Amino acid sequence: MRLSLTDKCNLRCTYCMPAEGLEWLSKQAVMTGEEIVRIVGIGVHLLGVRELRLTGGEPLVRADLVDIIGALRQAHPELPISMTTNGVGLDRKATALKAAGLTRINVSLDSLHEETFTKLTRRPFLDRVLAGVDAAWAAGLGPVKLNAVLMRGINDTESPSLLAWALERGYELRFIEQMPLDADHGWTRRNMITAAEIRELLSGEFVLSPDPRARDGAPAERFEVRRRTASSGDPHGPVLGTVGIIASVTEPFCSDCRRTRITAEGKIMSCLFSREEFDLLGLLRQGASDEQLAERWQDAMWLKPKAHGMDHVGLDAPDFVQPDRSMSAIGG
Ligand code: SF4
């Protein structure tokens, strides 16, 4: 289960939202902490939810974040609770998040170069993000995973050095194909860096071999990483760590997808790219029982599409209708 805590964000990533930001949801429209705990409870007790990921917008901008995680942990002592964040402000909150019961964290980090980072996020916050990553590690929110979206001609060629940096620090880096979920609808298949190109970009310095561990429905295809050396024909060189590639567009994993999403205003989305949403929060506020809410949720998930169909999109043929909702309003 992925639950978005807010649509607001303190970055303006070019592959997500316009420089001026978006019209944010009103406070009234967004789920309260109590409503979030109730909805997660219905998911866990009535619908078989076994894992929870908190997303945004940017979850760290929500003032009651630590309280929400504390209440969720109290209600579900064994539930793995992870969070995806852009890391801005994480250095100040990592310890409290861990103490409240957060299990582990994914931090978005598209570049280690100040200029490139600022170009991609439209904010000069690289040092704050790096401080957040280190604080997450120090707080024990590991394994710390890093998410990097590669953009052609901007940070794509930086991918080998980004991987080397992550491996040296024991972070698990995942490269993500840019998805057509930007509010500007500027995404093109031609401009996107594909998984095949990512493997090619890394192959100059590294040898990637399939991670023997089961993928088990995880979005990332994982590889064991060895340094490519003159004699790298020797497959037994030391494994430096792992890298993941999330190829939602060109190598989709829809047949294995078990994700259900709840947006910040309590809408059920059966797929990241579905254009159908089902209102759960409205029904909850009308006084529906947990069983009635579970039924609405189940009905919505029965309509989960078999596949998003993007992998058949030609390089320029826009025969894929991009959803109206942008990444920041879904939460990934
Ligand atoms: S929601 Fe995520 S991708 Fe979008 S601007 Fe914020 S940090 Fe960037």
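In this predicted model, N155 touches D110, T116, L120, V149 and L150, when residues up to four places away in sequence are not counted. The place of N155 in the chain is the loop that lies between strand β5 (145-149) and helix α6 (159-169). With a relative accessible area of 1%, N155 is buried, since buried means a value under 20%. Two of the residues that N155 touches, D110 and V149, also offer a backbone oxygen to a polar atom of the side chain of N155, as the table sets out.

| Backbone oxygen | Partner | Distance |
|---|---|---|
| D110 | polar atom of the N155 side chain | 2.9 Å |
| V149 | polar atom of the N155 side chain | 2.9 Å |

A second part of the structure to follow is helix α3, which spans residues 90-100 and in which L90, A94, L97 and A100 are buried. Seen down the axis of α3, these buried residues fall within an arc of 140°, and they therefore line one face of the helix. On the other side of α3, by contrast, R92, T95 and A99 are exposed.

Against what do the buried residues of α3 pack? Their partners are two helices, α2 (65-75) and α5 (126-139), together with two strands, β3 (81-85) and β4 (104-108). Helix α3 is followed by G101, a residue whose phi is positive, near 125°.

Methods: Residues are numbered from 1 along each chain as its sequence is written. This is a predicted model: local features need pLDDT of at least 70, side-chain atom pairs count only at pLDDT 80 or more; totals for chains, interfaces and linings use all residues. Side-chain values use heavy atoms; hydrogens and water are left out. Helices (H or I, at least four residues) and strands (E, at least two) are DSSP runs, numbered from the N terminus. Buried means under 20% relative accessible area, exposed over 50%, partly exposed in between (1.4 Å probe, protein chains only). A polar contact is a pair of N or O atoms within 3.5 Å; within protein, one must be able to donate a hydrogen and the other to accept it, and residues adjacent in sequence count only if both atoms are side-chain atoms. Contact means heavy atoms within 4.5 Å. The arc is that of the directions from the helix axis to the C-beta atoms.
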